[in-house]
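Q: I am new to this structure and would like to know how its parts earn their labels. Could you take me through it?

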Amino acid sequence: FSKEIFNKAQSEGKIVVINSWNKYCTTCSKQAKILNKAEKEFKDIVFLSYEQKKRDIAEFLKIDYWTTIVIYKNNKEVYRSMGKTKEEDIFLAIKSSI
């Protein structure tokens with residue numbers, strides 16, 4: 001994750017999926033596997049992730065918890081979830097943002 005990549009994707013009108021994680025979190029691990037699969041399926045979406053201990057990024061995105069997935073479209077947050085681990089829920093959120 002970098003602010004430059006995030007801002008560039010937003011300025012180009014791309015949908016951006018953010019994943020906030022922690023290396024000791026099993027829920028985060030499950031979410032990461034699902035998002036890796038989603039990244040292969042949704043080629044036109046930008047997938048970014050960062051470890052929650054990077055507080056500057058967390059503050060920039062206003063994300064307070066591990067296991068948080070946020071989707072941005074047209075420079076606006078359109079979806080936010082914490083702790084979702086069902087593939088169909090995550091894929092549905094991504095599809096609904098397209």
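Q: What makes helix H1 (residues 3-11) a helix that lies across E1, E2, strand E3 (68-73) and E4?
A: Contact here means heavy atoms within 4.5 Å, and helix H1 lies across those four strands at about 155 degrees to E1. Such angles run from 0 to 180 degrees between N-to-C directions, with axes fitted to C-alpha atoms, for helices over the stretch in contact. Helices (H or I, at least four residues) and strands (E, at least two) are DSSP runs, numbered from the N terminus. This is a predicted model, where local features need pLDDT of at least 70, side-chain atom pairs need 80 or more, and totals for chains, interfaces and linings use all residues. Residues are numbered from 1 along each chain as its sequence is written, and side-chain values use heavy atoms, without hydrogens and water.

Q: Why are strand E2 (46-51) and strand E4 (76-82) called edge strands?
A: The open sheet has the order E2-E1-E3-E4. Strands pair if DSSP finds at least two bridges between them, and E2 and E4 each pair on one side only. Six bridges join strand E1 (residues 16-21) to E2.

Q: What makes Phe6 and Phe60 an edge-to-face pair?
A: Ring centres of Phe, Tyr and Trp (its six-membered ring) must lie within 6.5 Å, with planes under 30 degrees apart stacked, over 60 edge-to-face and the rest tilted. Phe6 and Phe60 are 5.7 Å apart centre to centre, with 85 degrees between the planes, so they are edge-to-face.

Q: How do you know whether Phe6 is buried or exposed?
A: Buried means under 20% relative accessible area, exposed over 50%, partly exposed in between (1.4 Å probe, protein chains only). Phe6 has 7%, so Phe6 is buried, whereas Phe60, at 31%, is partly exposed.
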